[in-house]
Amino acid sequence: MSPTAVIITILAYFAVMFFVSWLSGRGGSGNDFFGARKSSWWLVAIAMIGACMSGVTFVSVPGMVATSGLGYIQMCLGFMAGYLVIAYVLTPLYFKLNVVSIYQYLDARLGVSSYKTGAWFFFISKMLGASVRLFLVCLTLQLLVFGPLGLPFWLNVLISVAIVLIYTFRNGVRSVIWTDTLKTVCMVVSVILCIVFIAKNLGLDFSGVVSTIKGSNMSRVFYFDDINHPQYFWKQFLGGLFTVIATTGLDQDMMQRTLTSKNYKDSQKNLIVSSVLQTVVIFLFLCLGVLMYIFAEANGITEKGDNLFPAVATSGILPSITGVLFIIGLVAAAYGAGGSALTSLTTSFTLDILGTSGKSEEKITRTRKIVHICMALGMALVIIVIDAVNNTSTIDAVYKLASYTYGPILGMFAFGILTKREVKDRFVPIVAIVSPLICLVLHLNSERWFGGYKFSYELLLLNAGLTFLGLLLLSKKAERKD
């Protein structure tokens, strides 16, 4: 695709996105930015599908089948189990406490230091994670648009972040839910049509596609034979289970959507339905990856990993609409994820870190707007730094990052929910910092210390367990209250 065609495609999508954002924000109040309990469960369910899938999913999941086959499904099964925990344990708790920021639970249960620690860890996690995701789309746009036009990467980043800032600036989570719904539709349509076009080029009908994928050496789903292997089933399943609890159930970005449901039963419906549909969509991405590698080999395309999908879609071998679909799907995925992350960062920083007690709605709105702009600038800076040091698969980097930053949050919530003990609140920040550092040391030395064992996403569980143990050691039996 030419840079002009890419620009026209992106502008057309943005026109639709801004219209949806404007339409969703009519008649809203300033506090609706943070989320009001007005959304239909089915709308949130559709939005949650797109919310859980960023540009990382769109590009990295198809690219990863060369090294792990369809093994990512093992993690998806863990995701589904995790959503049941979120729906039936965490969601009723949040609705009972009537919280806007989920980290307000930590204040009520453990104390102010725990509350602030949870909020700061979320801030670090989401800022880095969202920046990695938006970095991926900036990288693709640099390849297709900004590079051919001789424009620098930093300008690409500033324009991308500015777009995210503009469409979320006024309406916040109201806009995010509707644009996530648009994003879901665009991603699903894109991946299905790309499968159709590649299958047609390879001369395959539906049964041919199924047999080709089954017969490929990339079709392996389950890994039970080697516990030291990163794809070992229980590593992936448990990693998926606790990753989704931490990065969805204990993540302000994700829960801010589901807390806009009218009641906790509606929230449970949207979580369960969206978890099943997400697994189906991810399976489609993996099947697309297998077909793309077969197509690439047949047509002399040598790109792999994160570069495979852009190379195939814009190769000129497939119909031109394939490139358009890729751009729309990627832009929808990346900017939708960036917008929701920016909104949740603003919400958490404004409510949890700065605080709103005793402030008028006008003052809160003014503070929130300043914070929103600062969050956008911070995201742009992190993306530029990531570009300077990037040296790993993007989706792998996102989940490894989550293992270190969400572990303490998971450990604190688990301690609060599973025990009735009182913790020495002022020491909680120390535990939350020491636990990831211990995990880092173990991760770097695991092969040498543990007979070749390699940590995968189960590192999150270890991190949470160390945090839980640290809080247990610093706690005492709760005093009985008359």
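**Entry 1: Ser125**

I began with Ser125, which counts as buried because its relative accessible area is 3%, well inside the limit of under 20%. I noted that this is a predicted model, so I read every position here as a computed one. Ser125 sits in helix α7, and I placed that helix at residues 112-146. When I set aside residues up to four places away in sequence, I found Ser125 touching Leu401, Thr405 and Tyr406. I also looked up Tyr404, which is 279 residues from Ser125 in sequence, although the two C-alpha atoms are 8.7 Å apart in space.

**Entry 2: the chain as a whole**

I then stepped back to the chain, whose secondary structure comes to 20 helices and two strands. The chain has 482 residues, and buried residues make up 57% of them. I asked myself what share of the contacts between residues at least 6 apart in sequence join residues at least 24 apart. I found that the share is 85%, and the pairing of Ser125 with Leu401 is one contact I had already written down.

**Entry 3: the nonpolar cores**

Next I looked for the largest nonpolar core, which has 130 residues, and I listed Phe58, Tyr72, Tyr94, Val312 and Tyr335 as those with the most contacts inside it. Which helix gives the most to this core? I found that helix α7 does, with 17 residues. Apart from this core lies another, of six residues, and I noted Tyr404, Leu442, Tyr453 and Phe455 among them. Tyr404 was already in my notes as the residue whose C-alpha is 8.7 Å from that of Ser125.

**Entry 4: two further buried residues in helices**

I turned to Ser160, which is found in helix α8, residues 153-168. With a relative accessibility of 1%, Ser160 counts as buried. Leaving aside neighbours within four places in sequence, I recorded contacts of Ser160 with Cys138, Leu141 and Tyr335, and Tyr335 is also one of the residues with the most contacts inside the largest core.

I looked up Thr279 in the same way, and its place is in helix α13, which runs over residues 264-298. Is Thr279 buried or exposed? At 15% relative accessibility I have to count Thr279 as buried, and outside the residues up to four places away in sequence it touches Cys76 and Met80.

**Entry 5: α7 against α19**

Returning to α7, I examined how it packs with helix α19, residues 428-449, and found an angle of about 35 degrees with the axes 8 Å apart. From α7 I listed Ser113, Ser114, Thr117 and Phe121, and from α19 Val428, Pro429, Ala432, Ile433 and Pro436, as the residues that make the contact. Sorted by class, these residues divide into six nonpolar, three polar and no charged.

**Entry 6: α19 against α20**

I followed α19 on to α20, where the two helices pack at an angle of about 140 degrees and their axes are 9 Å apart. At that angle α19 and α20 are oblique to each other, and α19 passes α20 in a right-handed crossing. On the α19 side I wrote down Val428, Val431, Ser435, Pro436, Ile438, Cys439, Leu442 and His443, which meet Leu459, Leu462, Asn463, Leu466, Thr467, Gly470 and Leu471 in α20. The residues of this contact divide into ten nonpolar, five polar and no charged. Leu442 was familiar to me from the core of six residues.

**Entry 7: the loop residue Ser456**

Between α19 and α20 there is a loop, and in it I found Ser456. Ser456 counts as buried, at 13% relative accessibility. Without the neighbours within four places in sequence, Ser456 is in contact with Pro230, Lys235 and Gln236. I also noted that Ser456 and Lys400, though 56 residues apart in sequence, are 7.9 Å apart in space from C-alpha to C-alpha.

**Entry 8: α18 against α20**

Last, I looked at helix α18, residues 407-418, and helix α20, residues 459-473, whose axes come within 7 Å and cross at roughly 50 degrees. That angle makes α18 oblique to α20, and their crossing is right-handed. I recorded Gly407, Pro408, Leu410, Gly411, Met412, Ala414, Phe415 and Leu418 of α18, together with Leu460, Asn463, Ala464, Thr467, Phe468, Leu471 and Leu472 of α20, as making the contact. By class I wrote down eleven nonpolar, four polar and no charged residues for this contact.

Conventions: Residues numbered from 1 in each chain as written. Predicted model: local features only at pLDDT ≥ 70, side-chain atom pairs only at ≥ 80, totals over all residues. Heavy atoms only, no water. Axes fitted to C-alpha atoms, helices over the stretch in contact; angles between N-to-C directions. Helix = DSSP H or I, 4+ residues; strand = E, 2+ residues; numbered from the N terminus. Parallel < 35°, antiparallel > 145°, perpendicular 65-115°, else oblique. Left-handed = near helix turned anticlockwise from the far one by under 90°. Contact = heavy atoms within 4.5 Å. Nonpolar A, V, L, I, M, F, W, Y, C, P; charged D, E, K, R; others polar. Buried < 20%, exposed > 50% of the residue type's maximum accessible area, 1.4 Å probe, protein only. Core = buried A, V, L, I, M, F, W, Y, C linked by side-chain atoms within 4.5 Å.
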